[in-house]
Amino acid sequence: MVIISKIFLCEFIMPIQSFIPPQRTLMGPGPSDVSPRVLSALARPTIGHLDPTFIGMMDEVKSLLQYAFQTQNTYTLAISAPGSAGMEACFVNLLTPEDTVVVCKNGVFGARMIENVQRIGAKVVVVEGEWGRAVDPQALEDTLKQTPQAKFVAFVHAETSTGALSDAKTLCEIARNHQCLTIVDAVTSLAGVELKVDDWGIDAIYSGSQKCLSCVPGMSPVSFSDQAAALIKNRKSTVQSWFLDQSLVMDYWSGQGKRSYHHTAPVNSLYALHESLVMLQNEGLENSWARHRAQHNKLASGFADLGLEFIVPAQERLPQLNAVHIPQGIDDAKVRQYLLNEYNLEIGAGLGGFSGTAWRIGLMGYAARSENVALCLAALKDALNQ
Ligand code: PLP
């Protein structure tokens with residue numbers, strides 16, 4: 001029997017072949033389309049992660065990230081893991097179980113912040129916000145007045161689950177007036193909308209490589225203010241995560257030829273991140289923000305023609321994540337499948353409370369182009385007519 005089945009396997013089962021992905025246009029909530037320049041940077045020869053040339057490139061990544069975040073923070077680097085690791089790095093390094101954290105929740109990712117705080121064993125006080133709306137600054141102010149022991153305020157700048165943009169500048173100002181440090185999720189906002197870490201006084205911020213930077217997924221840019229970095233350096237208890245312990249990672253990224261091994265950096269992914277940041281620098285940050293806004297305006301006027309309605313009020317809308325109500329009688333899954341099959345176009349489904357009732361259409365980074373807007377509008381029109 002054994003012999004028969006071996007013969008069967010050899011004759012009838014083909015060896016697994018190389019994986020060739022289809023050529024899609026990515027207009028969902030991320031990952032976004034990666035530019036050919038970034039993809040070709042990814043394919044450059046791998047070198048050692050402690051090679052002096054590579055270390056020089058890491059220093060450039062740091063200064064390019066300082067530009068993208070608009071900060072002079074020394075402690076600005078890219079964590080070798082996706083945005084969720086950046087989120088976790090901020091919470092586990094800054095918080096101890098004795099702390100109280102006010103978390104503003106207006107979507108899925110605010111809820112994840114709460115989970116991070118709870119897992120650390122710290123006390124969380126939630127500012128409940130409406131889904132599809134920005135965080136209400138007055139609600140934060142009221143909560144902080146009633147929570148004098150609060151040490152941190154955390155919120156999501158660009159809520160990818162709903163398409164709402166919160167006023168990070170005002171929220172940080174309120175937090176500062178109550179002597180709180182801020183932890184800000186900029187996974188979807190970085191490079192897509194105005195974001196000024198130093199001017200707004202943000203203490204800890206994390207982002208993702210796969211959204212408006214249009215890099216491959218798997219890297220999380222972070223930045224910590226001097227005050228936040230000092231808190232990490234002087235903390236008495238050991239950070240519960242060895243991999244995300246920033247006092248160790250800091251040494252690895254610190255430069256001046258003193259770099260010591262912590263983990264093997266994702267060498268080629270860092271080439272890709274470097275390239276995407278060079279592209280951002282060449283375009284100019286303000287121009288990148290303006291491009292996202294201009295493409296959003298085109299998309300919005302096309303949606304109006306198609307009778308599609310936005311979930312978020314105009315003044316609180318993210319240009320790079322357009323959440324619309326699915327019209328009555330339209331089958332969500334069928335439309336998305338049609339777009340994928342007929343147009344190789346990916347748009348996003350609703351998440352959490354919006355599951356089955358919303359589409360999330362991303363215009364992030366390299367995807368925020370006129371060709372993509374035109375394709376999306378034509379494809380949606382066809383799908384809705386079918
Ligand atoms: N925060 C926000 C606002 C996000 O949109 C995402 C991902 O979509 C994350 C955090 C988590 O990032 P990642 O999926 O890269 O781990």
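W242, F243 and L248 together form a nonpolar patch on the surface of this predicted model, with about 290 Å² of accessible area between them. L248 belongs to helix α10, which spans residues 246–253. The points below take up this patch, two helices with a buried side, and two buried histidines.

**Surface patch and helix α10**
- L248 has a relative accessible area of 31% and is therefore partly exposed, given that buried means under 20% and exposed over 50%.
- Helix α10, which holds L248, is also among the elements that cover the buried residues of α9.

**Helix α9**
- In helix α9 (residues 226–233), the buried residues are A228, A229 and I232.
- These residues lie on the same side of α9 because they cover an arc of only 100 degrees around the axis.
- An α-helix has 3.6 residues a turn, so residues three or four places apart point the same way.
- D226, Q227 and K233 are exposed on the other side of α9.
- The cover over the buried residues of α9 includes strands β2 (75–79) and β10 (220–224), together with helices α4 (83–94) and α10.

**Helix α6**
- L140, E141, T143 and L144 are the buried residues of helix α6, which runs through residues 137–146.
- Viewed down the axis of α6, its buried residues fall within an arc of 165 degrees and so line one face of the helix.
- On the other side of α6, the exposed residues are K145 and Q146.
- Strands β3 (100–105), β4 (123–128) and β5, as well as helix α7 (168–177), are included in what covers the buried residues of α6.
- The N-terminal end of α6 is capped by D136, a side-chain oxygen of which lies 3.1 Å from the backbone nitrogen of Q138.

**Buried histidine H157**
- H157 is located in the loop between β5 (152–156) and β6 (158–159).
- With a relative accessible area of 2%, H157 is buried, because that value is under 20%.
- The side chains of H157 and S189 are joined by a polar contact of 2.9 Å.
- Not counting residues up to four places away in sequence, H157 touches A164, L165, S166, A168, V184, D185, S189, V193, E194, L195 and W200.

**Buried histidine H274**
- H274 is part of helix α11, residues 267–283.
- The relative accessible area of H274 is 14%, which is under 20%, so H274 is buried.
- Setting aside residues up to four places away in sequence, H274 touches M57, E60, V61 and L64.

How values were computed. Residues numbered from 1 in each chain as written. Predicted model: local features only at pLDDT ≥ 70, side-chain atom pairs only at ≥ 80, totals over all residues. Heavy atoms only, no water. Patch = residues over 30% accessible without salt bridge, like charges linked within 9 Å, V, L, I, M, F, W, Y side chains within 5 Å. Areas by Shrake-Rupley, 256 points an atom, 1.4 Å probe, with all protein chains shown as cover. Salt bridge = Lys/Arg side-chain N within 4 Å of Asp/Glu carboxyl O. Helix = DSSP H or I, 4+ residues; strand = E, 2+ residues; numbered from the N terminus. Buried < 20%, exposed > 50% of the residue type's maximum accessible area, 1.4 Å probe, protein only. Arc of directions from axis to C-beta. Contact = heavy atoms within 4.5 Å. Polar contact = N/O pair within 3.5 Å; in protein donor to acceptor, adjacent residues only side chain to side chain.
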